[in-house]
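Me: Hi! I've just opened a new model and would love a quick walk through it. Can we start with whatever caught your eye?

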Amino acid sequence: MKLPKHLAIIMDGNGRWANARGHNRLFGHVRGAKRAKFIIEESARIGIENLTLFTFSTENWRRPSQEVNFLMALLKKQLKKEVRNLVDNDIRFRCIGDISRLPTGVRNQVEETISETAHCKGMNLTFALNYGGQQEIIQATKSLIQKAIDGEITPDQVNEKMMSNELESSFSPFPDLIVRTSGESRLSNFFLWQAAYSEFYVTNIHWPDFQRAELQKALEWFAQTERRFGMTSRQVKMRPPSTTEHGTPQEPLGL
Ligand code: IPE
Ligand code: IPE
Ligand code: MG
């Protein structure tokens, strides 16, 4: 089966899952963290090369402070508990997003997990943490402007590739498949630039209920999807488009 090189998941619905069962939202996050562990190990097992999990958005700071504090503490605890497992599974952990704003203890644990798994060669696992697609694009834009000021580039040289290379997430290809649990059909500021040609799979299943079979369903749906990148179905069948390291089609646009 054709697997996505990069699978990204918007893990949504912890709160609704918990409320539907008469629990508070925080319990939903505990079960959501357990689900993340399972899906990470399952993805590595089946041969996904890059997995990104949307863990905490730049907008999630707007939640009640009790929930934000709980999420931060849960993240720290979970990473501390799992770092050995990540190494044993040869999983390299990285982050995108501004981790400097995280509480010190959480940031230290995140940095420790990054450095302890830096030698791992199996799956690349990325947590989008205090991540926003708009903020990532602004950061890249600032850096390109600085390069222009320093005389390294001229404005007319700026193109898609240059922009892609400047993004914090440039170490991984663009996501081929973005899965969102819990029914909402929106990106919520996730991978705005990179999602240009991602396949988007939405399921009504809440994240804590996202079992192996649900992952399998999403992957099977992806495998039968024809990715056309603006071309016709006939063209794609005759010559499937080759893509750049970022996952965008390599052929000139023919303007
Ligand atoms: C996803 O579940 C977890 C985070 C965004 C941190 P939610 O907490 O958004 O759950 P719902 O969407 O309110 O059900
Ligand atoms: C997106 O979920 C962020 C994460 C999954 C971390 P949200 O629950 O925050 O998204 P909105 O606010 O419903 O769009
Ligand atoms: Mg939500």
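Reply: Happy to! This is a predicted model, and asparagine 189 is a good place to begin: it sits in the loop between β5 (177-180) and β6 (199-202).

Me: What's the phi of asparagine 189 like?
Reply: Its phi is positive, about 70°, although asparagine 189 is not a glycine.

Me: And is asparagine 189 buried or exposed?
Reply: Buried. Its relative accessible area is 10%, and the cut-off for buried is under 20%.

Me: Which loop holds phenylalanine 229?
Reply: That residue lies in the loop between α7 (212-223) and α8 (233-238). Phenylalanine 229 also has a positive phi, near 45°, in a residue other than glycine.

Me: Buried or exposed, that phenylalanine 229?
Reply: Phenylalanine 229 counts as buried, with a relative accessibility of 13%.

Me: Let's zoom out. How many helices and strands are there in the protein chain?
Reply: The protein chain has 8 helices and 6 strands. Reading from the N terminus, the elements go β-α-α-β-α-β-α-β-α-α-β-β-α-α.

Me: What about its radius of gyration?
Reply: It comes to 19 Å, which agrees with the value near 18 Å for a compact globule with 255 residues. The C-alpha trace spans about 55 × 45 × 35 Å along the principal axes.

Me: How much of the chain counts as buried?
Reply: 44% of the 255 residues do. On the contact side, take pairs of residues at least 6 apart in sequence: 73% of those contacts join residues at least 24 apart.

Me: Now the helices. How do α3 and α4 cross?
Reply: Helix α3 (residues 65-88) and helix α4 (residues 104-116) have axes that come within 9 Å and cross at roughly 15°. Angles under 35 degrees count as roughly parallel, so α3 is roughly parallel to α4.

Me: And which hand does the crossing have?
Reply: Left-handed, as α3 passes α4.

Me: Which residues make the contact?
Reply: From α3, the contact uses Met72, Leu75, Lys76, Leu79, Lys80, Val83, Arg84, Leu86 and Val87. Helix α4 brings Gly105, Val106, Gln109, Val110, Thr113 and Glu116.

Me: How do those residues of the α3 and α4 contact divide into nonpolar, polar and charged?
Reply: There are 8 nonpolar, 3 polar and 4 charged residues in the contact of α3 with α4. Lys76 and Glu116 are among the residues making that contact, if you'd like somewhere to start looking.

Terms used. Residues are numbered from 1 along each chain as its sequence is written. Chains are lettered from A and ligands numbered from 1 in the order in which they are written. This is a predicted model: local features need pLDDT of at least 70, side-chain atom pairs count only at pLDDT 80 or more; totals for chains, interfaces and linings use all residues. Side-chain values use heavy atoms; hydrogens and water are left out. Axes are lines fitted to C-alpha atoms, for helices over the stretch in contact, and angles run from 0 to 180 degrees between N-to-C directions. Helices (H or I, at least four residues) and strands (E, at least two) are DSSP runs, numbered from the N terminus. Angles under 35 degrees count as roughly parallel, over 145 as roughly antiparallel, 65 to 115 as roughly perpendicular and the rest as oblique. A crossing is left-handed if the near helix is turned anticlockwise from the far one by less than a right angle, and right-handed if clockwise. Contact means heavy atoms within 4.5 Å. Ala, Val, Leu, Ile, Met, Phe, Trp, Tyr, Cys and Pro count as nonpolar, Asp, Glu, Lys and Arg as charged, and the others, Gly among them, as polar. The radius of gyration is taken over C-alpha atoms; the globule rule is 2.2 Å times the number of residues to the power 0.38. Buried means under 20% relative accessible area, exposed over 50%, partly exposed in between (1.4 Å probe, protein chains only).
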